[in-house]
Amino acid sequence: MSATVAVILVLAVGTYAFRLVGPALHGRVELPARVQELLAAGAVVLLVALLATGALTEGGGFAGWARPAGVLVGGVLAWRRAPFAVVVLGAAATTAALRAAGVA
């Protein structure tokens with residue numbers, strides 16, 4: 001067995017274990033309120049970091065201004081509780097319009 005296959009198997013088992021722990025420990029482990037707050041804040045930070053890297057970078061460099069503008073429009077529409085289809089179409093239309101206008 002190659003090292004790559006072994007690593008993939010270890011990651012698969014670890015992922016399955018994480019998925020199994022949630023239902024198995026539900027109701028048995030009580031987290032303090034402060035830990036729950038920190039976990040919620042950590043999840044938000046990770047999502048914002050993922051959003052920033054996906055919106056601002058492409059191929060190791062800056063993605064241009066059209067993509068971040070589209071993400072911003074989509075974020076504002078989502079914040080205003082627009083339907084999902086409107087959010088996606090608004091973000092895509094903004095990005096497409098800016099790219100059509102020559103904004104990279």
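Partly exposed here means a relative accessible area that falls between the buried limit of under 20% and the exposed limit of over 50%. Val103 has 32% relative accessibility, so it counts as partly exposed. Keep in mind that this is a predicted model. Below is a quick tour of Val103, the α2/α3 contact, one aromatic pair and a loop residue with an odd backbone angle.

**Val103 and its surroundings**
- You'll find Val103 in the segment after α4.
- Setting aside neighbours within four places in sequence, Val103 touches Trp65, Ala66 and Leu98.
- Val103 and Leu56 are 47 residues apart along the chain, and 14 Å separates their C-alpha atoms.

**Where α2 meets α3**
- Helix α2 covers residues 33-56, and its axis comes within 8 Å of the α3 axis, with a crossing angle of roughly 140°.
- That crossing makes α2 oblique to α3, because the cut-off for roughly antiparallel is over 145 degrees.
- On the α2 side, the contact is made by Leu51, Gly54, Ala55 and Leu56, while α3 brings in Arg67, Pro68 and Val71.
- Sorted by type, the residues of this contact come out as five nonpolar, one polar and one charged.

**The annotated span**
- An unreviewed UniProt entry puts a "transmembrane region" at residues 38-57.
- In the model, residues 38-57 are 95% helix and 5% strand, and the C-alpha atoms at the two ends of the span lie 28 Å apart.

**The aromatic pair**
- The count of aromatic pairs comes to one.
- The partners are Phe62 and Trp65, arranged edge-to-face at 5.1 Å centre to centre, with 70° between the planes.
- The 70° angle earns the edge-to-face label because the cut-off for that class is over 60 degrees.
- Phe62 is partly exposed, at a relative accessible area of 49%.
- Trp65, with a relative accessible area of 61%, is exposed.
- Trp65 also turns up among the contacts of Val103.

**Arg81 in its loop**
- Arg81 isn't a glycine, yet its phi is positive, at about 60°.
- Arg81 sits in the loop that runs between α3 (66-79) and α4 (84-100).
- With 76% relative accessibility, Arg81 counts as exposed.

Conventions
Residues numbered from 1 in each chain as written. Predicted model: local features only at pLDDT ≥ 70, side-chain atom pairs only at ≥ 80, totals over all residues. Heavy atoms only, no water. Phe/Tyr/Trp six-rings, centres within 6.5 Å; stacked < 30°, edge-to-face > 60°. Buried < 20%, exposed > 50% of the residue type's maximum accessible area, 1.4 Å probe, protein only. UniProt positions renumbered as here; feature names shortened; annotations may be inferred. Helix = DSSP H or I, 4+ residues; strand = E, 2+ residues; numbered from the N terminus. Axes fitted to C-alpha atoms, helices over the stretch in contact; angles between N-to-C directions. Parallel < 35°, antiparallel > 145°, perpendicular 65-115°, else oblique. Contact = heavy atoms within 4.5 Å. Nonpolar A, V, L, I, M, F, W, Y, C, P; charged D, E, K, R; others polar.
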